[in-house]
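User: I am new to this structure and would like a close look at one part of it. Please start with the overall layout and then go into detail.

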Amino acid sequence: MNRISITLLAIALPAGLAALAFAQEGRTLGTVVNGNTTIEFKAADSSDIDLQKLQTWSTFASAHPDVAHELAYKPSLINSDSYTRKHPELGEFFSAHPDIREAMAENPGNYVAIPPRPGE
């Protein structure tokens, strides 16, 4: 049951973060001052996230949670031909959606997320 929960979290987290970003876009989330350096944390700009691509990926990830889980922990596998040969369903998905593969390789955090560890 724990593995299923983690996998579902890995799938749902990017969609949830996108929804939060829409709600908080441009809003200052926090500020850190260290000496003469001030770092301001703002909500992500979600205008560059293609929600249709995200939904298409989420549908695939729901059907293939093991693949989604592995990509969350090692996004470099997105461009691995040997990995897509081991997982032909992923290869077929990327063949049908090369734009999603390109977007995932460029910004994997928009599509896959590592679930928090227990206690985090």
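In what order do the elements of the chain run from the N terminus on? After that, please look closely at the largest nonpolar core: which residues have the most contacts inside it, and which helices each supply at least two of its residues?

Analyst: The model is a predicted one. From the N terminus on, its elements run α-β-β-α-α-α-α-α, which amounts to six helices and two strands. The chain has 120 residues, and 31% of them count as buried. About 7700 Å² of the chain is exposed, with carbon and sulfur atoms supplying 54% of that area. Taking contacts between residues at least 6 apart in sequence, 50% join residues at least 24 apart.

Now to the core. In soluble globular proteins, nonpolar side chains tend to be buried together. Here the largest nonpolar core has 19 residues. Trp57, Leu71, Leu90, Met104, Tyr111 and Val112 have the most contacts inside this core. At least two core residues come from each of helix H2 (51–63), helix H3 (65–73), helix H5 (88–96) and helix H6 (98–106).

Leu71 is a useful residue to follow from here. Leaving aside neighbours within four places in sequence, Leu71 is in contact with Trp57, Leu90, Met104 and Val112, among others. Those four are also listed among the residues with the most contacts inside the core. The other contacts of Leu71 are Leu77, Ile78 and Tyr83.

Two of these contacts lead to the surroundings of the core. Ile78 is touched by Ala105, which also touches Asn79, not counting residues up to four places away in sequence. Ala105 lies in helix H6 and counts as partly exposed because its relative accessibility is 33%, between the limits of 20% and 50%. In sequence, Ala105 and Ile78 are 27 residues apart, yet their C-alpha atoms are 6.2 Å apart in space.

Tyr83 leads to Ser80. The side chain of Ser80 reaches the backbone nitrogen of Tyr83 at 3.1 Å. Ser80 sits in the loop between H3 and helix H4 (81–86). Is Ser80 buried or exposed? With a relative accessible area of 18%, Ser80 is buried, because the cut-off for buried is under 20%.

The next residue in view is Asp81. Side chains of opposite charge can pair when their charged atoms come close. The structure holds one salt bridge, and Asp81 forms it with Arg101, the closest N and O atoms being 3.9 Å apart. Asp81 lies in helix H4 and Arg101 in helix H6, so the pair ties together parts that are 20 residues apart in sequence. Asp81 counts as partly exposed, at 47% relative accessibility.

For contrast, here is a nonpolar group on the surface. Leu29, Val32, Ile39 and Phe41 form a patch there, with about 360 Å² of accessible area together. Strand E1 (28–34) and strand E2 (37–42) each supply at least two of the patch residues. Ile39, in strand E2, counts as partly exposed at 42% relative accessibility. Thr31, found in strand E1, touches Thr38, Ile39 and Glu40 when residues up to four places away in sequence are not counted. The C-alpha atoms of Thr31 and Phe41 are 6.0 Å apart in space, while the two residues are 10 apart in sequence.

Definitions and conventions
Residues numbered from 1 in each chain as written. Predicted model: local features only at pLDDT ≥ 70, side-chain atom pairs only at ≥ 80, totals over all residues. Heavy atoms only, no water. Core = buried A, V, L, I, M, F, W, Y, C linked by side-chain atoms within 4.5 Å. Buried < 20%, exposed > 50% of the residue type's maximum accessible area, 1.4 Å probe, protein only. Helix = DSSP H or I, 4+ residues; strand = E, 2+ residues; numbered from the N terminus. Contact = heavy atoms within 4.5 Å. Patch = residues over 30% accessible without salt bridge, like charges linked within 9 Å, V, L, I, M, F, W, Y side chains within 5 Å. Areas by Shrake-Rupley, 256 points an atom, 1.4 Å probe, with all protein chains shown as cover. Salt bridge = Lys/Arg side-chain N within 4 Å of Asp/Glu carboxyl O. Polar contact = N/O pair within 3.5 Å; in protein donor to acceptor, adjacent residues only side chain to side chain.
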